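Open the model in your viewer and keep the sequence panel beside it. This tour goes from one selection to the next.

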Amino acid sequence: MTTKEQAPKPAPRRPTVERSLSSLAREDVDIQVQNQLNSITVFTRKNGGDVEVLEFQPKDDPNGEDIYQVSSEYLRLPRFLDALKKGILKIVDADDPAVVEAADKQRAAWDAQQTAKNESDQFIDSQQVKAFSGKQCLAQEGRLRCSEFALFASNNSERPPLCQKHAYLAGQFVPEETGKFTNGKPEVEWRQVGIVQ
Ligand SMILES: [Zn+2]
């Protein structure tokens, strides 16, 4: 919390956070970033043809999944800088023992999750239900296709790819088998059967 003074004085001109971040961005180092919200925060960026998805657990997550190590390239992304500026995400010092501890916990939790994944796809599905997949939402917004990413669906044949906002439209889409198979399961494409304006 901050208190405002009646007559604001000009702030002393120290090197701005933005300037020091942009110099860090050119160094190509890894940074540790922590979610500052008490809710899951998802950050995506397009990297070539791929979409990188960072899903931060709420701050002080017991498994350390509120902290991710990312390339300082992220500091070149206006949306990322915006998230830092708004205090949604925070760069935490990698030399801080607590940060190293959190990273260790995160790695251990990830290993455990990989083991669990082999044992139970359902478990993973429930863990990641709020994450976003790299698929573009199928919904139309007027004449344009929605530009949001679809919610994570481990099995595309079970749910049509729709973003959080359009998830309620799921009943309007029916799966059609393409004739191809992935891991022994038929691939499907989703076709919209009803259009609500
Ligand atoms: Zn959408």
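Start by selecting residues 13-18, where pLDDT (the predictor's confidence in each residue, from 0 to 100) stays under 50. For this stretch the model has two contacts beyond four places in sequence; two residues are in contact if their C-beta atoms, placed from the backbone, lie within 7 Å. This is a predicted model, in which local features need pLDDT of at least 70 and side-chain atom pairs count only at pLDDT 80 or more, while totals for chains, interfaces and linings use all residues. Residues are numbered from 1 along each chain as its sequence is written.

Next, select residues 121-130. Here too pLDDT stays under 50, and the model has nine contacts beyond four places in sequence. Helix α4 (residues 121-127) has the lowest mean pLDDT among the elements, 44, and strand β8 (residues 144-145) the highest, 89. Helices (H or I, at least four residues) and strands (E, at least two) are DSSP runs, numbered from the N terminus.

Now select I31, V33, F43, F56, I67, Y68, Y74, L75, F80, A83 and L89, the largest nonpolar core. Such a core is a set of buried Ala, Val, Leu, Ile, Met, Phe, Trp, Tyr and Cys residues joined through C-beta atoms within 7 Å. A residue is buried if 20 or more other C-beta atoms lie within 10 Å of its own, exposed if 12 or fewer, and partly exposed in between, with C-beta atoms placed from the backbone. Strands β1 (30-35) and β4 (67-71) and helix α2 (78-85) each give two or more residues to this core.

Last, select L138, A150, L151 and L162, which are among the nine residues of another core, apart from the largest one.
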